[in-house]
Amino acid sequence: MEKEAGPGAAAMRIDDPWYEAPDSGWGVPDGARAIAADERSVPVEQYRHSAAEIYLEVQRSPAFREVRRRYRRFVAPAAALFMLWYLAYVIVATTAHDLMARPVVGVLNVAMLAGLGQFLTTFLLTWAYARHARLHRDRDALELRWETQEMTRGAGR
Amino acid sequence: MRGDHQTLALLLFSVFVAVTLGITTWVSRNRQGSAEEFYAGGRLFSPMENGFAIAGDYMSAASFLGISGLIALFGYDGMLYSVGFLVAWLVVLLLVAELVRNCGRFTLADVVAARMAERPVRTALGTSSVTVSVLYLVAQMVGAGSLVALLLGGTSDTARSWTVVGVGALMVIYVSLGGMRATTWIQIVKAVLLMAGAVALTVLVLVRFHGDINALLTSAAERSGKGTDFLSPGLRYGGSWTARFDFISLGLALVLGTAGLPHILSRFYTVPTARAARRSVVWSIGLIGSFYLMTIVLGFGAAALVGSADVRASNASGNTAVPLLALVLGGGEGSTGGTVLFAVVAAIAFATILAVVAGITLASSASVAHDLYASFRRPGGKQRSEVGVARVAAAGIGVVAIGLGLLAQNLNVAFLVGLAFAVAASANLPALLYSLFWRNFTTRGAVWAVYGGLLPAVLLVLLSPVVSGSPTSLFPGVDLALFPLENPGLVSIPAGFLAGWIGTVTSPEPPDPAKHAETEVRSLTGAGAA
């Protein structure tokens, strides 16, 4: 789990420069992260022309990059881990019969426990991902969504 | 006695058909076909409802009948299927569900085509989606056929054929009249029935062994005739290296295929937001995971109580293990309990088939109308006509599925589903993942990724022992089996990813950074989501 969103995440969302001063900068919500300063120097009118430019600009914004970073920081290692664990399981199950057949408790052998372990890790990772997304991503993503939609509303395509 | 449980099963099944037809008419009253309504059910289902519906779509007859059957016949090797089917959901949850919900409107092609030249990409993904759906449909049809063969005593080929035709007709009615809304409710009803049935049987099995898993596994191993080998891998996939590679291939296809199944992806559009899509996947992982844990108990239970030999005698691929288990659990052939339980299980399995078939038909009719038809028609046509096309397409797909379903009667349904997964993982998944995560992905890359996965997958199946060259194949008389594996995934999935990469790096057009920015921003924030 990452530490960035904690109390800070709650504090940063109310203060939204886009709504208060539309021509001073586009909606990067965060004072706490000290990222909005250089964005504000960009004149807004210039980016009202096309949706494509707005999306490019949002993509470059620190707020978006933070959301993306949090998503990737969780998903990339998690996906790599469970794929490796699953592939290892499949390959060992097909090649190392003697290892898998070794009894552990009663008739439960290594193979059975590994299979049940796959179920368990799937449930655990599901829980961890849902929790991570809820705590560290949802709120910021939603704000970006409204801001981006606000900006693209008048934009030509 | 045969007559008794036949009548009861038919009665229960008629009740299910009546209820679902009722749902279809009730749901479709006063709703005139907008595309939003037809393909996505108005997008207002709750995460829990959609989670049940996803589970309903996913827990097909192949799982209920096929996997428990494989476990009953081959012990541990059957269990490998359930693990693959479940772990696959992590791919969906982590990489696909939310992003697809944010970027697309109705189909998988929406997501990819948003970044690319629309027409070739839609055509490619429409084609591959329809291929996957038809393969999956055939699996369900075969399941329906073997179930009826069991119910009616196994000999009546006419009855079997009429069942397949009847299932096909019903699914066309559900889909073309009720669209996504009716289909979703049917899935929910079915998921509840299936879970209830599985829980009841599992409890009965465990009660039989006084809750002692050790005793269950021991007697399963004894009655299988294989001893403790039954509880460790290798009975089905252990012999030759061909068989081992076949299994690794299947394992890869299972875990990567789910995220490319059109009827699963289209479910995410029935909820309002990406967050709701995520929560519905969490629901469905809970349901599906517990269901597969139960199929393991049922499979070993069938081996222990019915015996592997009897299961094989009833159906060579093991598809009838669970109904036979129900018969034994209720008190055996001739008892009231056995009759009732057998009938209930048969009816649930039938309901399962019907619901899954409806879900796939809907997804493939969406692929035909929204992707294929829309990319070929003249610009400026009305939305209304697209839904009309989808309704006609549902009927056409029904006919194709019936035809193929009659042809493929004797293949194991879990195996057929494995094929559908392999095609989905080779053709749909590379294009989808590249377009969500790779900045430099281009139109040519997308088109090559789809065909570069689809063609090898289909070709390798045609050249595999499934189609020709072995006594159990579709055409035993001819021998064209150049490719030794039954499942093409090991070759065709890397081929799809590789083709997408080659297509991208060789393409003359530069990637469009603005389109990539749009996809990335929309996928992670939900800006502009339908």
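Let me start with helix 5 and helix 8 of chain A, whose axes come within 10 Å and cross at roughly 140 degrees in this predicted model. At that angle helix 5 of chain A counts as oblique to helix 8 of chain A, because only angles over 145 degrees are called roughly antiparallel. The crossing of helix 5 of chain A past helix 8 of chain A is left-handed.

Which residues meet there? On helix 5 of chain A they are A:Ala63, A:Phe64, A:Glu66 and A:Val67, and on helix 8 of chain A they are A:Asp140, A:Ala141 and A:Leu144. By type, that contact splits into 5 nonpolar and 2 charged residues, with no polar ones.

Next, helix 4 of chain A. Its buried residues are A:Ile54, A:Tyr55, A:Glu57, A:Val58 and A:Gln59. What do they pack against? Within chain A, the buried residues of helix 4 pack against helix 5 and helix 8, and from chain B they pack against helix 20, residues 513-525.

A step back to chain A as a whole. Chain A has 8 helices and 2 strands. Starting at the N terminus, the order is α-α-α-α-α-α-β-β-α-α. Of the 157 residues in chain A, 29% are buried. If you take the contacts in chain A between residues at least 6 apart in sequence, 54% of them join residues at least 24 apart.

Now the contact between the two chains. Chain A puts in 44 residues and chain B puts in 41. On the chain A side, the elements giving two or more residues are helix 4 (51-60), helix 5 (62-95), helix 6 (97-101), helix 7 (110-136) and helix 8 (138-153). Helix 5 of chain A supplies the largest share of that side, 14 residues. The residues on the chain A side divide into 28 nonpolar, 13 polar and 3 charged.

On to the cores. The largest nonpolar core has 213 residues, and those with the most contacts inside it are B:Ala302, B:Leu325, B:Ala420 and B:Val423. Helix 15 of chain B, residues 336-376, gives the largest share of this core, 26 residues. Apart from that core lies another one of 14 residues, including A:Tyr55, A:Val67, A:Ala141 and B:Ala527. You have already heard A:Tyr55 as a buried residue of helix 4 of chain A, and A:Val67 and A:Ala141 in the contact of helix 5 with helix 8 of chain A.

Back to B:Ala302. Which residues does B:Ala302 contact, leaving aside neighbours within four places in sequence? They are B:Ser68, B:Ala72, B:Val311, B:Ala321, B:Val322, B:Leu324 and B:Leu325.

Among those partners, B:Ala321, B:Val322, B:Leu324 and B:Leu325 are buried residues of helix 14 of chain B. Helix 14 of chain B, residues 321-329, is mostly covered, with 9 of its 9 residues buried. After helix 14 of chain B comes B:Gly331, with a positive phi near 125 degrees.

Last, B:Val167, which sits in helix 8 of chain B, residues 157-208. Why does B:Val167 count as buried? Because B:Val167 has 26 C-beta neighbours inside 10 Å, and 20 or more is the cut-off. Not counting residues up to four places away in sequence, B:Val167 touches B:Met141, B:Ala144, B:Ile353, B:Leu354 and B:Val357. B:Gly289 is 122 residues from B:Val167 along the chain, and their C-alpha atoms are separated by 28 Å.

Key: Residues numbered from 1 in each chain as written. Chains lettered and ligands numbered in written order. Predicted model: local features only at pLDDT ≥ 70, side-chain atom pairs only at ≥ 80, totals over all residues. Helix = DSSP H or I, 4+ residues; strand = E, 2+ residues; numbered from the N terminus. Buried ≥ 20, exposed ≤ 12 C-beta atoms within 10 Å, placed from the backbone. Contact = placed C-beta atoms within 7 Å. Nonpolar A, V, L, I, M, F, W, Y, C, P; charged D, E, K, R; others polar. Core = buried A, V, L, I, M, F, W, Y, C linked by C-beta atoms within 7 Å. Axes fitted to C-alpha atoms, helices over the stretch in contact; angles between N-to-C directions. Parallel < 35°, antiparallel > 145°, perpendicular 65-115°, else oblique. Left-handed = near helix turned anticlockwise from the far one by under 90°.
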